[in-house]
Amino acid sequence: LVNTWKGTGVRRRPAAEPLTPGRWRVFNVDVTSSKDPGKDELGVHQVLHEAVCQRLRLECKDLPVTSLTVIRKSFDGRNTRKNKEPKFSYVVDVTIDEDAAAKGRRKPPMELAPSESLPEPLRCAVTQRKIVIVGAGPAGLFAALRLVDAGHGPGIVILERGQPVEKRGKDIGALFHRRILNRESNVCYGEGGAGTWSDGKLTSQIGRNSAHVRRVLETLNKFGAPDTILVNGKPHMGTDNLVRLLRNARAHLEGAGVQFRFGSKVQSLEGGEAGAPVTGVRLEGGEVIPCDHCVLAIGHSSRDLVKELYRLGGDY
Ligand SMILES: Cc1cc2nc3c(=O)[nH]c(=O)nc-3n(C[C@H](O)[C@H](O)[C@H](O)COP(=O)(O)OP(=O)(O)OC[C@H]3O[C@@H](n4cnc5c(N)ncnc54)[C@H](O)[C@@H]3O)c2cc1C
(Lines give C-alpha, C1' and ligand atoms only; values in the text may rest on other atoms or scores of the structure.)
Protein backbone atom coordinates (compact mmCIF):
# COMPACT_ATOMS: atom_id res chain seq x y z
CA LEU A 1 0.00 0.00 0.00
CA VAL A 2 2.88 2.34 0.76
CA ASN A 3 3.76 2.70 -2.92
CA THR A 4 0.23 3.10 -4.26
CA TRP A 5 -1.98 6.16 -4.55
CA LYS A 6 -4.28 6.32 -1.45
CA GLY A 7 -4.28 2.52 -1.34
CA THR A 8 -6.12 2.24 -4.68
CA GLY A 9 -3.52 -0.05 -6.22
CA VAL A 10 -2.45 2.64 -8.70
CA ARG A 11 1.31 2.93 -8.47
CA ARG A 12 2.48 6.29 -7.20
CA ARG A 13 5.32 8.07 -8.97
CA PRO A 14 8.40 8.03 -6.73
CA ALA A 15 9.06 11.50 -5.33
CA ALA A 16 12.22 13.39 -6.24
CA GLU A 17 14.82 13.37 -3.48
CA PRO A 18 17.65 15.78 -2.64
CA LEU A 19 20.74 15.34 -4.76
CA THR A 20 24.06 14.55 -3.10
CA PRO A 21 27.55 15.10 -4.52
CA GLY A 22 29.17 12.10 -6.19
CA ARG A 23 29.08 10.13 -9.39
CA TRP A 24 25.59 9.09 -10.43
CA ARG A 25 24.34 6.77 -13.13
CA VAL A 26 21.19 8.07 -14.82
CA PHE A 27 19.13 5.56 -16.81
CA ASN A 28 16.55 6.09 -19.58
CA VAL A 29 17.51 9.58 -20.67
CA ASP A 30 15.50 9.85 -23.90
CA VAL A 31 16.22 12.04 -26.93
CA THR A 32 13.82 11.83 -29.88
CA SER A 33 15.50 10.72 -33.10
CA SER A 34 14.80 14.00 -34.93
CA LYS A 35 16.75 15.92 -32.26
CA ASP A 36 19.59 13.40 -31.92
CA PRO A 37 22.70 13.67 -34.12
CA GLY A 38 22.28 9.96 -34.94
CA LYS A 39 23.66 6.51 -34.17
CA ASP A 40 27.26 7.37 -35.05
CA GLU A 41 27.51 10.17 -32.47
CA LEU A 42 28.55 8.42 -29.27
CA GLY A 43 29.60 11.43 -27.18
CA VAL A 44 27.67 14.08 -25.22
CA HIS A 45 25.76 16.56 -27.39
CA GLN A 46 23.74 19.65 -26.51
CA VAL A 47 20.28 18.04 -26.55
CA LEU A 48 21.50 15.20 -24.33
CA HIS A 49 23.06 17.71 -21.95
CA GLU A 50 19.72 19.54 -21.74
CA ALA A 51 17.81 16.29 -21.18
CA VAL A 52 20.11 15.25 -18.30
CA CYS A 53 19.84 18.71 -16.71
CA GLN A 54 16.06 18.52 -16.97
CA ARG A 55 16.07 15.14 -15.20
CA LEU A 56 18.22 16.58 -12.41
CA ARG A 57 16.14 19.78 -12.14
CA LEU A 58 19.27 21.77 -12.98
CA GLU A 59 19.99 24.62 -15.35
CA CYS A 60 22.57 23.75 -18.00
CA LYS A 61 24.97 26.38 -16.68
CA ASP A 62 25.09 24.53 -13.33
CA LEU A 63 26.26 21.23 -14.84
CA PRO A 64 29.29 21.38 -17.16
CA VAL A 65 29.15 19.13 -20.23
CA THR A 66 32.49 17.66 -19.13
CA SER A 67 30.83 16.11 -16.06
CA LEU A 68 28.77 13.79 -18.33
CA THR A 69 29.96 10.47 -19.78
CA VAL A 70 27.81 8.41 -22.15
CA ILE A 71 27.77 4.80 -20.95
CA ARG A 72 25.19 3.32 -23.35
CA LYS A 73 23.21 4.55 -26.30
CA SER A 74 20.44 2.44 -27.80
CA PHE A 75 17.79 3.04 -30.40
CA ASP A 76 14.21 2.52 -29.26
CA GLY A 77 11.60 2.33 -32.01
CA ARG A 78 8.95 0.53 -29.96
CA ASN A 79 6.36 3.30 -29.79
CA THR A 80 6.25 4.13 -33.49
CA ARG A 81 2.86 2.43 -34.01
CA LYS A 82 1.27 4.84 -31.53
CA ASN A 83 2.56 7.68 -33.71
CA LYS A 84 5.25 8.45 -31.18
CA GLU A 85 8.61 9.36 -32.58
CA PRO A 86 11.39 6.77 -32.21
CA LYS A 87 14.06 7.79 -29.76
CA PHE A 88 17.57 7.17 -28.55
CA SER A 89 17.74 6.03 -24.96
CA TYR A 90 20.90 6.84 -23.01
CA VAL A 91 22.59 5.70 -19.82
CA VAL A 92 24.79 8.54 -18.59
CA ASP A 93 27.24 8.86 -15.70
CA VAL A 94 27.18 12.34 -14.13
CA THR A 95 29.62 13.84 -11.65
CA ILE A 96 27.76 16.16 -9.29
CA ASP A 97 29.72 18.73 -7.28
CA GLU A 98 28.57 20.49 -4.09
CA ASP A 99 27.02 23.47 -5.93
CA ALA A 100 25.01 21.35 -8.36
CA ALA A 101 23.90 19.05 -5.51
CA ALA A 102 22.49 22.01 -3.58
CA LYS A 103 20.36 23.09 -6.57
CA GLY A 104 19.26 19.79 -8.11
CA ARG A 105 16.88 16.95 -7.28
CA ARG A 106 17.32 13.22 -7.75
CA LYS A 107 14.55 11.34 -9.47
CA PRO A 108 14.58 7.59 -10.08
CA PRO A 109 15.64 5.66 -12.11
CA MET A 110 19.00 6.92 -10.96
CA GLU A 111 21.60 5.16 -8.91
CA LEU A 112 25.12 5.73 -7.66
CA ALA A 113 27.49 4.83 -10.46
CA PRO A 114 29.97 2.08 -9.66
CA SER A 115 33.49 3.25 -9.00
CA GLU A 116 35.54 3.68 -12.16
CA SER A 117 38.14 1.14 -11.14
CA LEU A 118 38.09 -2.31 -12.70
CA PRO A 119 38.32 -5.43 -10.53
CA GLU A 120 41.79 -5.88 -9.08
CA PRO A 121 43.99 -8.21 -11.13
CA LEU A 122 44.54 -11.65 -9.64
CA ARG A 123 47.62 -11.91 -7.49
CA CYS A 124 49.32 -15.31 -7.39
CA ALA A 125 52.09 -16.04 -4.91
CA VAL A 126 53.40 -18.87 -7.12
CA THR A 127 53.56 -18.24 -10.86
CA GLN A 128 55.67 -21.20 -11.97
CA ARG A 129 52.79 -23.67 -12.12
CA LYS A 130 52.05 -25.69 -15.22
CA ILE A 131 48.51 -24.81 -16.28
CA VAL A 132 46.64 -26.55 -19.08
CA ILE A 133 43.65 -24.72 -20.56
CA VAL A 134 41.44 -26.93 -22.71
CA GLY A 135 39.60 -24.88 -25.35
CA ALA A 136 40.47 -21.62 -27.11
CA GLY A 137 36.95 -20.17 -27.05
CA PRO A 138 36.08 -16.98 -25.13
CA ALA A 139 36.24 -18.76 -21.74
CA GLY A 140 39.66 -20.33 -22.39
CA LEU A 141 41.18 -17.18 -23.89
CA PHE A 142 39.93 -14.93 -21.08
CA ALA A 143 41.22 -17.44 -18.51
CA ALA A 144 44.64 -17.22 -20.17
CA LEU A 145 44.53 -13.40 -20.28
CA ARG A 146 43.67 -13.21 -16.57
CA LEU A 147 46.44 -15.66 -15.69
CA VAL A 148 48.95 -13.67 -17.75
CA ASP A 149 47.84 -10.49 -15.94
CA ALA A 150 48.53 -12.34 -12.69
CA GLY A 151 52.11 -13.09 -13.73
CA HIS A 152 51.78 -16.54 -15.29
CA GLY A 153 52.83 -17.15 -18.89
CA PRO A 154 55.45 -19.69 -19.90
CA GLY A 155 53.74 -22.41 -17.83
CA ILE A 156 50.41 -22.09 -19.70
CA VAL A 157 49.46 -24.41 -22.57
CA ILE A 158 46.19 -23.92 -24.48
CA LEU A 159 44.98 -27.15 -26.10
CA GLU A 160 42.46 -26.65 -28.88
CA ARG A 161 40.98 -29.51 -30.91
CA GLY A 162 40.26 -27.19 -33.84
CA GLN A 163 42.49 -25.04 -36.01
CA PRO A 164 43.75 -21.42 -35.81
CA VAL A 165 41.37 -18.87 -37.35
CA GLU A 166 43.28 -18.63 -40.65
CA LYS A 167 42.93 -22.38 -41.35
CA ARG A 168 39.51 -22.58 -39.71
CA GLY A 169 38.18 -19.97 -42.15
CA LYS A 170 39.15 -22.22 -45.07
CA ASP A 171 37.54 -25.28 -43.44
CA ILE A 172 34.31 -23.36 -42.89
CA GLY A 173 34.44 -22.11 -46.48
CA ALA A 174 34.70 -25.74 -47.65
CA LEU A 175 31.69 -26.61 -45.48
CA PHE A 176 29.49 -23.77 -46.73
CA HIS A 177 30.46 -23.92 -50.41
CA ARG A 178 31.41 -27.56 -51.07
CA ARG A 179 29.60 -29.28 -48.18
CA ILE A 180 32.79 -30.87 -46.86
CA LEU A 181 32.70 -31.18 -43.06
CA ASN A 182 35.93 -31.21 -41.08
CA ARG A 183 34.84 -32.82 -37.81
CA GLU A 184 37.45 -30.97 -35.74
CA SER A 185 37.51 -27.58 -37.45
CA ASN A 186 34.11 -26.09 -38.15
CA VAL A 187 31.53 -23.60 -36.88
CA CYS A 188 31.73 -24.97 -33.32
CA TYR A 189 35.37 -26.06 -33.01
CA GLY A 190 38.51 -24.01 -33.51
CA GLU A 191 40.23 -20.86 -32.30
CA GLY A 192 37.71 -18.33 -30.98
CA GLY A 193 35.18 -21.04 -30.15
CA ALA A 194 31.55 -21.30 -31.21
CA GLY A 195 30.16 -18.06 -32.57
CA THR A 196 33.39 -16.81 -34.18
CA TRP A 197 31.71 -17.21 -37.57
CA SER A 198 28.56 -15.45 -36.40
CA ASP A 199 28.26 -11.70 -36.83
CA GLY A 200 29.62 -11.12 -33.32
CA LYS A 201 26.75 -9.52 -31.44
CA LEU A 202 27.59 -8.94 -27.78
CA THR A 203 24.49 -9.31 -25.68
CA SER A 204 25.23 -10.60 -22.20
CA GLN A 205 24.40 -8.05 -19.43
CA ILE A 206 25.35 -5.19 -21.74
CA GLY A 207 22.67 -2.79 -20.48
CA ARG A 208 24.01 -2.19 -16.98
CA ASN A 209 27.58 -1.97 -18.20
CA SER A 210 29.06 -3.18 -14.91
CA ALA A 211 32.80 -3.03 -14.27
CA HIS A 212 33.12 -6.71 -15.31
CA VAL A 213 31.28 -6.13 -18.60
CA ARG A 214 33.40 -3.03 -19.26
CA ARG A 215 36.54 -5.04 -18.62
CA VAL A 216 35.52 -7.57 -21.28
CA LEU A 217 34.53 -4.86 -23.77
CA GLU A 218 37.75 -2.92 -23.17
CA THR A 219 39.80 -6.10 -23.65
CA LEU A 220 38.02 -6.80 -26.96
CA ASN A 221 38.57 -3.17 -27.96
CA LYS A 222 42.27 -3.40 -27.07
CA PHE A 223 42.66 -6.33 -29.48
CA GLY A 224 40.88 -4.61 -32.36
CA ALA A 225 37.11 -4.47 -31.80
CA PRO A 226 35.64 -1.12 -32.92
CA ASP A 227 35.36 1.73 -30.35
CA THR A 228 31.58 1.72 -30.83
CA ILE A 229 31.20 -1.50 -28.77
CA LEU A 230 32.06 0.53 -25.65
CA VAL A 231 28.88 2.63 -25.95
CA ASN A 232 26.43 1.08 -28.42
CA GLY A 233 23.33 -0.48 -26.86
CA LYS A 234 23.61 -3.38 -29.33
CA PRO A 235 27.37 -3.78 -29.64
CA HIS A 236 28.45 -5.68 -32.69
CA MET A 237 31.90 -6.81 -33.80
CA GLY A 238 31.51 -8.55 -37.16
CA THR A 239 33.33 -11.74 -38.22
CA ASP A 240 36.08 -9.79 -40.04
CA ASN A 241 36.91 -7.93 -36.83
CA LEU A 242 36.70 -11.14 -34.79
CA VAL A 243 39.33 -12.90 -36.90
CA ARG A 244 41.74 -9.95 -36.58
CA LEU A 245 40.98 -9.66 -32.87
CA LEU A 246 41.74 -13.35 -32.25
CA ARG A 247 45.05 -13.12 -34.08
CA ASN A 248 46.02 -10.10 -31.98
CA ALA A 249 45.00 -11.87 -28.75
CA ARG A 250 47.04 -14.93 -29.75
CA ALA A 251 50.09 -12.76 -30.52
CA HIS A 252 49.73 -11.05 -27.13
CA LEU A 253 49.47 -14.37 -25.26
CA GLU A 254 52.34 -15.95 -27.19
CA GLY A 255 54.41 -12.86 -26.42
CA ALA A 256 53.80 -13.58 -22.73
CA GLY A 257 55.03 -17.16 -23.18
CA VAL A 258 51.69 -18.95 -23.54
CA GLN A 259 51.88 -21.98 -25.85
CA PHE A 260 49.02 -22.72 -28.27
CA ARG A 261 48.60 -26.28 -29.54
CA PHE A 262 45.96 -26.59 -32.25
CA GLY A 263 44.65 -29.91 -33.51
CA SER A 264 45.04 -31.23 -29.94
CA LYS A 265 41.90 -32.97 -28.82
CA VAL A 266 41.78 -33.86 -25.14
CA GLN A 267 40.28 -37.30 -24.73
CA SER A 268 40.46 -37.84 -20.97
CA LEU A 269 41.89 -36.55 -17.74
CA GLU A 270 44.68 -38.08 -15.68
CA GLY A 271 43.55 -38.39 -12.06
CA GLY A 272 40.37 -36.53 -11.24
CA GLU A 273 38.40 -39.59 -10.13
CA ALA A 274 35.70 -38.65 -7.62
CA GLY A 275 37.15 -35.21 -6.95
CA ALA A 276 40.86 -36.19 -6.76
CA PRO A 277 43.29 -33.61 -8.24
CA VAL A 278 43.73 -33.67 -12.02
CA THR A 279 47.41 -34.34 -12.75
CA GLY A 280 47.35 -34.16 -16.53
CA VAL A 281 45.34 -34.57 -19.70
CA ARG A 282 45.52 -37.31 -22.31
CA LEU A 283 45.26 -36.33 -25.97
CA GLU A 284 43.69 -38.38 -28.72
CA GLY A 285 46.68 -40.41 -29.89
CA GLY A 286 47.88 -41.13 -26.35
CA GLU A 287 50.20 -38.23 -25.48
CA VAL A 288 49.88 -37.21 -21.82
CA ILE A 289 50.48 -33.58 -20.85
CA PRO A 290 51.10 -33.26 -17.10
CA CYS A 291 49.80 -30.19 -15.25
CA ASP A 292 49.36 -28.68 -11.80
CA HIS A 293 46.03 -27.11 -12.75
CA CYS A 294 43.60 -27.76 -15.57
CA VAL A 295 40.98 -25.26 -16.81
CA LEU A 296 38.25 -26.97 -18.82
CA ALA A 297 36.79 -24.34 -21.14
CA ILE A 298 35.22 -26.75 -23.61
CA GLY A 299 31.89 -25.02 -24.29
CA HIS A 300 28.66 -26.90 -24.83
CA SER A 301 29.52 -28.96 -27.93
CA SER A 302 32.18 -31.31 -26.58
CA ARG A 303 29.90 -34.20 -25.70
CA ASP A 304 32.69 -36.80 -25.84
CA LEU A 305 34.70 -35.09 -23.09
CA VAL A 306 31.60 -34.37 -21.00
CA LYS A 307 30.77 -38.10 -21.11
CA GLU A 308 34.32 -38.79 -19.89
CA LEU A 309 33.86 -36.34 -16.99
CA TYR A 310 30.60 -38.06 -16.11
CA ARG A 311 32.42 -41.38 -16.04
CA LEU A 312 35.04 -39.93 -13.66
CA GLY A 313 32.33 -38.76 -11.25
CA GLY A 314 33.13 -35.86 -8.90
CA ASP A 315 31.95 -32.29 -9.04
CA TYR A 316 32.59 -30.97 -12.58
C1 LIG B 1 26.53 -20.43 -34.62
C2 LIG B 1 26.68 -19.67 -33.32
C3 LIG B 1 26.53 -18.28 -33.32
C4 LIG B 1 26.66 -17.55 -32.13
N5 LIG B 1 26.55 -16.19 -32.17
C6 LIG B 1 26.73 -15.46 -31.05
C7 LIG B 1 26.67 -14.04 -31.08
O8 LIG B 1 26.46 -13.42 -32.13
N9 LIG B 1 26.84 -13.37 -29.92
C10 LIG B 1 27.09 -14.02 -28.74
O11 LIG B 1 27.28 -13.35 -27.72
N12 LIG B 1 27.15 -15.37 -28.68
C13 LIG B 1 26.98 -16.10 -29.80
N14 LIG B 1 27.04 -17.47 -29.74
C15 LIG B 1 27.28 -18.11 -28.43
C16 LIG B 1 28.77 -18.05 -28.09
O17 LIG B 1 29.51 -18.48 -29.18
C18 LIG B 1 29.05 -18.92 -26.86
O19 LIG B 1 28.31 -18.41 -25.77
C20 LIG B 1 30.53 -18.88 -26.52
O21 LIG B 1 31.30 -19.28 -27.62
C22 LIG B 1 30.82 -19.81 -25.33
O23 LIG B 1 32.20 -19.71 -25.05
P24 LIG B 1 33.02 -20.92 -24.40
O25 LIG B 1 34.46 -20.51 -24.42
O26 LIG B 1 32.40 -21.29 -23.11
O27 LIG B 1 32.78 -22.18 -25.35
P28 LIG B 1 33.13 -22.39 -26.90
O29 LIG B 1 33.10 -21.11 -27.62
O30 LIG B 1 32.29 -23.51 -27.37
O31 LIG B 1 34.67 -22.85 -26.87
C32 LIG B 1 35.07 -24.14 -26.50
C33 LIG B 1 36.35 -24.47 -27.25
O34 LIG B 1 36.86 -25.68 -26.72
C35 LIG B 1 37.29 -26.51 -27.78
N36 LIG B 1 37.18 -27.89 -27.32
C37 LIG B 1 36.04 -28.54 -27.00
N38 LIG B 1 36.33 -29.80 -26.60
C39 LIG B 1 37.67 -29.92 -26.66
C40 LIG B 1 38.55 -31.01 -26.39
N41 LIG B 1 38.11 -32.20 -25.97
N42 LIG B 1 39.88 -30.81 -26.57
C43 LIG B 1 40.36 -29.61 -27.00
N44 LIG B 1 39.56 -28.57 -27.29
C45 LIG B 1 38.23 -28.71 -27.11
C46 LIG B 1 36.34 -26.20 -28.93
O47 LIG B 1 36.94 -26.51 -30.18
C48 LIG B 1 36.11 -24.70 -28.75
O49 LIG B 1 37.02 -23.92 -29.49
C50 LIG B 1 26.91 -18.23 -30.91
C51 LIG B 1 27.06 -19.64 -30.91
C52 LIG B 1 26.95 -20.36 -32.10
C53 LIG B 1 27.12 -21.86 -32.07
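**View 1. Asp171 and Lys167 pair up in a salt bridge, with 2.9 Å between the closest N and O atoms.** Before going further, keep in mind that this is a predicted model. Both partners sit in helix α4, which covers residues 165–178, and they are 4 residues apart, so about one helical turn separates Asp171 from Lys167. Their surroundings are worth a look too. Asp171 counts as buried, because its relative accessibility is 12%. Lys167, at 36% relative accessibility, counts as partly exposed.

**View 2. Arg250 meets Glu191 side chain to side chain in a salt bridge, 2.8 Å from N to O.** Here the partners come from separate parts of the chain: Arg250 belongs to helix α6 (residues 239–255), while Glu191 is in the loop between α4 and α5 (211–222), so this pair ties together parts that are 59 residues apart in sequence. Is Glu191 buried or exposed? Glu191 is buried, and Arg250 is as well.

**View 3. In helix α7 (residues 303–312), Arg311 and Glu308 are about one helical turn apart.** They are separated by 3 residues along that helix, and their side chains form a salt bridge with an N to O distance of 2.9 Å. Arg311 counts as exposed, because its relative accessibility is 58%. Glu308 is buried, with a relative accessible area of 11%.

**View 4. Arg161, Glu184, Lys265, Glu284 and Asp304 are joined into one network by salt bridges that share partners.** Pull back to the whole structure and the search turns up 25 salt bridges. The pairs in the earlier views are among them: Asp171 with Lys167, Arg250 with Glu191, and Arg311 with Glu308.

**View 5. The ligand sits among 27 surrounding residues, the closest being Ala139, Glu160, Ala194, Lys201 and Ser302.** What is this shell made of, class by class? Around the ligand there are 12 nonpolar, 10 polar and 5 charged residues. Two elements to pick out are helix α3 (138–149) and strand β8 (156–160), each of which supplies at least two residues of the shell.

**View 6. A nitrogen atom of the ligand lies 2.5 Å from a polar backbone atom of Lys201.** Ser198 joins in through its side chain, placing a polar atom 3.2 Å from a nitrogen atom of the ligand. Pro138 contributes a polar backbone atom, and that one is 3.2 Å from an oxygen atom of the ligand. On its own the ligand has 1000 Å² of accessible area, and the protein covers 72% of it.

**View 7. Cys294 and Cys291 stay unbonded, with 5.0 Å between their sulfurs.** Why is there no bond here? Cys291 holds the closest cysteine sulfur to that of Cys294, but 5.0 Å is too far for a bond, given that a disulfide needs the two sulfur atoms within 2.5 Å. Cys294 is partly exposed, because its relative accessible area is 24%. Another cysteine to find is Cys188, which counts as partly exposed at 34% relative accessibility. Over the whole structure, the search finds 0 disulfides.

Conventions. Residues numbered from 1 in each chain as written. Predicted model: local features only at pLDDT ≥ 70, side-chain atom pairs only at ≥ 80, totals over all residues. Heavy atoms only, no water. Near = heavy atom within 4 Å. Polar contact = N/O pair within 3.5 Å; in protein donor to acceptor, adjacent residues only side chain to side chain. Areas by Shrake-Rupley, 256 points an atom, 1.4 Å probe, with all protein chains shown as cover. Nonpolar A, V, L, I, M, F, W, Y, C, P; charged D, E, K, R; others polar. Salt bridge = Lys/Arg side-chain N within 4 Å of Asp/Glu carboxyl O. Buried < 20%, exposed > 50% of the residue type's maximum accessible area, 1.4 Å probe, protein only.
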